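Here are a few short exercises to work through with the model open beside you. Try each task before reading its solution.

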Amino acid sequence: MQGVAEVARRPIALVTAAVLFLEAPGIVAINAVMARFVKVQAMSLDGMDPDAMYTGTWALGIASGVALALCGLVALVAGIRDRRPGRVGRGLLIGCAVVHGILGAVTVGLIGWGAFAFMMLVLGLIVLTLVAYGKEHGKGAEPREEAPVPA
């Protein structure tokens, strides 16, 4: 009989992938709005060139969107194959989880509890995907040893 983890891990990974794929264009759009504000108002930090700020904001938005899409792809492949991600894939998902945790702490003060709840939901999905595909679900996993019989 299969446990809850074996039954639920594929849908969890697929939902995580869907959420990350939806979040990727959202983060690019947010950075596009911020870049537009920087460009229109000619903002700068400590005399920095406003065009450099504009370009940097766009670059950060695009890089963040690509990173989220890549993490979504890792979760999607894990869900389709029903195997845990490789070392690089796990590293990407762990990094994504850390960033969501830090951004969640920042958003609670700047935006509010709704944004914090969303960030924690995504963080929970990523961590749940990582935990659901534990060590015993990888390629070449060792079979579990039976507990010794008490004397």
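**Exercise 1: H2 against H3**

The axes of H2 and H3 cross at roughly 125° and come within 9 Å of each other. Keep in mind that this is a predicted model.

Task: Classify the angle between H2 and H3, then say which residues make the contact.

Solution.
- Step 1. An angle of 65 to 115 degrees would be roughly perpendicular, and one over 145 roughly antiparallel. The crossing angle here is roughly 125°, so H2 is oblique to H3.
- Step 2. For the handedness, H2 passes H3 in a left-handed crossing.
- Step 3. On the H2 side, look for Leu68, Leu70, Cys71 and Val74. They meet Gly89, Leu92, Leu93, Cys96 and His100 of H3.
- Step 4. Sorted by class, the contact of H2 with H3 holds seven nonpolar residues, two polar ones and no charged residues.

**Exercise 2: H3 against H4**

Task: Do the same for H3 and H4: what is their relative direction, and which residues are in contact?

Solution.
- Step 1. Helix H3 covers residues 87-110 and helix H4 residues 113-132; their axes come within 8 Å and cross at roughly 160°. The cut-off for roughly antiparallel is over 145 degrees, so H3 is roughly antiparallel to H4.
- Step 2. H3 passes H4 in a left-handed crossing.
- Step 3. From H3, the contact includes Arg90, Leu93, Ile94, Cys96, Ala97 and His100. From H4, the residues include Trp113, Phe116, Met119, Met120, Val122 and Ile126.
- Step 4. Counting by class gives 17 nonpolar, four polar and one charged residue in the contact of H3 with H4.

**Exercise 3: The nonpolar core**

Task: Find the largest nonpolar core and say which helix gives the most to it.

Solution.
- Step 1. Begin with the overall layout: the protein chain has four helices and zero strands, running α-α-α-α from the N terminus on.
- Step 2. The largest nonpolar core has 14 residues. Those with the most contacts inside it are Leu20, Leu68, Cys71, Leu93, Cys96, Val122 and Ile126.
- Step 3. Each of helix H1 (4-41), helix H2 (50-81), H3 and H4 supplies at least two residues of this core. H4 gives the most, with five residues.
- Step 4. Take Val122 as an example. Leaving aside neighbours within four places in sequence, Val122 is in contact with Val19, Leu20, Glu23 and His100.
- Step 5. For the wider picture, buried residues make up 29% of the 151 residues in the protein chain. Among contacts with a separation of 6 or more, 67% join residues 24 or more positions apart.

**Exercise 4: Exposure and distance in sequence**

Task: Decide whether Val77, Ile30 and Lys135 are buried, partly exposed or exposed.

Solution.
- Step 1. The cut-offs needed are under 20% relative accessible area for buried and over 50% for exposed, with partly exposed in between.
- Step 2. Val77 is in helix H2. Its relative accessible area is 34%, so Val77 is partly exposed. The C-alpha atoms of Val77 and Ala17 are separated by 8.8 Å, although these residues are 60 residues apart along the chain.
- Step 3. Ile30 lies in helix H1. With a relative accessible area of 48%, Ile30 is partly exposed as well. Ile30 and Thr57 are 27 residues apart in sequence, and their C-alpha atoms are 9.9 Å apart.
- Step 4. Lys135 is in the segment after H4. Its relative accessibility is 71%, so Lys135 counts as exposed. From Lys135 to Arg84 the C-alpha to C-alpha distance is 8.1 Å, with their positions 51 residues apart in sequence.

**Exercise 5: A backbone angle to check**

Task: Say where Asp82 lies and what is notable about its phi.

Solution.
- Step 1. Asp82 lies in the loop between H2 and H3.
- Step 2. Most residues other than glycine have a negative phi.
- Step 3. Asp82 is not a glycine, yet its phi is positive, at about 55°.

Conventions: Residues are numbered from 1 along each chain as its sequence is written. This is a predicted model: local features need pLDDT of at least 70, side-chain atom pairs count only at pLDDT 80 or more; totals for chains, interfaces and linings use all residues. Side-chain values use heavy atoms; hydrogens and water are left out. Axes are lines fitted to C-alpha atoms, for helices over the stretch in contact, and angles run from 0 to 180 degrees between N-to-C directions. Angles under 35 degrees count as roughly parallel, over 145 as roughly antiparallel, 65 to 115 as roughly perpendicular and the rest as oblique. A crossing is left-handed if the near helix is turned anticlockwise from the far one by less than a right angle, and right-handed if clockwise. Contact means heavy atoms within 4.5 Å. Ala, Val, Leu, Ile, Met, Phe, Trp, Tyr, Cys and Pro count as nonpolar, Asp, Glu, Lys and Arg as charged, and the others, Gly among them, as polar. A nonpolar core is a set of buried Ala, Val, Leu, Ile, Met, Phe, Trp, Tyr and Cys residues joined through side-chain atoms within 4.5 Å. Buried means under 20% relative accessible area, exposed over 50%, partly exposed in between (1.4 Å probe, protein chains only).
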